[in-house]
Amino acid sequence: MNLNPLSRKLLAGLATGALALGLVIVNVTPVYAQDGPTSTPSELTRPEIRQQRLERLYQRAVNWSEGQADNLVRADEAAATTQTYIDEKKAAGLDTSALEAALASYKTQVAEARVFHDQAVTVLNTHNGFDADGKVTDVPAARLTLADAGSALGQARVRIYNATFTLRQAVKDFREANGLTVEP
Amino acid sequence: MKSRTTSWMMFSLLALVAALTTGCGRLRPNGTGAPAAATFTAAAPVQAVEPTATPLAVATSAPTAGATVASAATAPTASAPTASAPAASAPAPTATVVQNDTSGDALDDLLGGLLNGVADDPTFQSELDQIP
């Protein structure tokens with residue numbers, strides 16, 4: 001290429017400047033943490049990504065529901081065991097009235113938890129917005145199904161937790177009051 | 001004049017090599033150019049799930065389909081120990097008589113296990129909210 005010296009210098013200077021500018025851009029490119037297959041907000045607007053996320057949440061709700069059903073079975077066992085304990089202590093001549101009241105309250109709260117749990121199971125079994133295989137067929141309906149199921153499962157969870165916490169505390173109080181536990 | 005042009009070109013070439021070297025150094029696998037250890041913030045250690053000191057707050061949203069809403073559970077009021085000094089004439093505290101209560105131990109274990117195993121999906125709602 002036949003360029004005069006001034007043009008050569010000009011071209012060389014421009015090339016260097018462009019390169020420097022490119023490096024500046026590389027330096028200031030934002031860095032995102034690579035901590036797993038999380039979707040960026042822009043990816044979530046893609047229909048296939050959104051459907052995958054909804055389908056995963058549906059499966060999680062089903063799993064949550066199954067775990068909670070097991071919790072309710074165990075809650076019934078705990079109530080029966082507590083009743084046996086009360087009978088035993090009452091036969092030994094101890095005042096079990098506080099424990100009986102705590103058990104009655106426990107049963108009431110577990111019954112309420114079961115109502116919410118059954119609602120969630122009904123919602124998941126109806127699976128509006130999902131087909132029988134848990135695939136999304138209607139996004140708004142699928143979202144509503146998940147919201148309703150999640151809310152009901154959460155309500156049931158809080159009641160199971162609180163009921164168990166309170167009953168356990170009542171049992172501890174009873175044992176301490178009657179010298180049935182080792183003092184710390 | 002020609003030598004000056006050659007100098008300019010050599011200078012530009014050196015700048016190009018330097019720039020490429022710097023750029024390649026920045027394009028390491030972690031894509032940051034910073035040391036890998038500085039890329040991620042240290043996550044807090046996961047704590048073992050223990051019974052919380054107070055019951056969970058009950059959500060206020062009304063249930064549908066005729067479900068009754070439980071009254072909000074109140075935190076058990078722990079009576080604060082008073083620091084009153086024993087009267088001079090008070091008898092010295094005796095050791096608590098501990099009776100055999102294996103069924104009580106078993107019941108406490110059962111309730112504790114249930115409490116720690118309550119099914120939950122703590123990120124369910126937040127992940128649902130993120131989906132447009």
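The accessible surface of chain B amounts to about 9,600 Å², and carbon and sulfur atoms account for 64% of that area. This value, like those that follow, belongs to a predicted model. Chain B comprises 132 residues, of which 18% count as buried. Three helices and zero strands make up its secondary structure, so that its elements follow the order α-α-α from the N terminus.

**Contact between the chains**

Two packed helices are described by the angle between their axes and the distance between the axes. In this model, helix α3 of chain A, residues 47-91, packs in this sense against helix α2 of chain B, residues 102-116: the two axes come within 10 Å and cross at roughly 160 degrees. Because angles over 145 degrees count as roughly antiparallel, α3(A) and α2(B) are roughly antiparallel to each other. Their crossing is left-handed.

On the side of chain A, the residues of α3(A) that take part are Asn71(A), Arg74(A), Ala75(A), Glu77(A), Ala78(A), Thr81(A), Thr82(A), Tyr85(A), Glu88(A) and Lys89(A). They meet Ser103(B), Gly104(B), Leu107(B), Leu110(B), Leu111(B), Gly113(B) and Leu114(B) of α2(B). By character, the residues of this contact comprise seven nonpolar, six polar and four charged.

**Two residues of chain A**

Helix α3 of chain A also holds Ser65(A). With a relative accessibility of 9%, Ser65(A) falls under the 20% limit and therefore counts as buried. Leaving aside residues up to four places away in sequence, Ser65(A) touches His117(A), Val121(A), Leu124(A) and Leu153(A). Ser65(A) can also be set beside Ala156(A): 91 residues separate the two in sequence, while their C-alpha atoms lie 10.0 Å apart in space.

His127(A) is located in the loop that joins α4 (97-126) and α5 (139-177) of chain A. Although His127(A) is not a glycine, its phi is positive, at about 40 degrees. Its relative accessibility is 22%, and His127(A) therefore counts as partly exposed.

The table sets out the accessibility of these two residues.

| Residue | Relative accessibility | Class |
|---|---|---|
| Ser65(A) | 9% | buried |
| His127(A) | 22% | partly exposed |

In short, the account of chain A rests on a buried serine, Ser65(A), and a partly exposed histidine, His127(A), while the contact between the chains described here is the roughly antiparallel pair α3(A) and α2(B).

Note on methods. Residues numbered from 1 in each chain as written. Chains lettered and ligands numbered in written order. Predicted model: local features only at pLDDT ≥ 70, side-chain atom pairs only at ≥ 80, totals over all residues. Heavy atoms only, no water. Helix = DSSP H or I, 4+ residues; strand = E, 2+ residues; numbered from the N terminus. Buried < 20%, exposed > 50% of the residue type's maximum accessible area, 1.4 Å probe, protein only. Areas by Shrake-Rupley, 256 points an atom, 1.4 Å probe, with all protein chains shown as cover. Axes fitted to C-alpha atoms, helices over the stretch in contact; angles between N-to-C directions. Parallel < 35°, antiparallel > 145°, perpendicular 65-115°, else oblique. Left-handed = near helix turned anticlockwise from the far one by under 90°. Contact = heavy atoms within 4.5 Å. Nonpolar A, V, L, I, M, F, W, Y, C, P; charged D, E, K, R; others polar.
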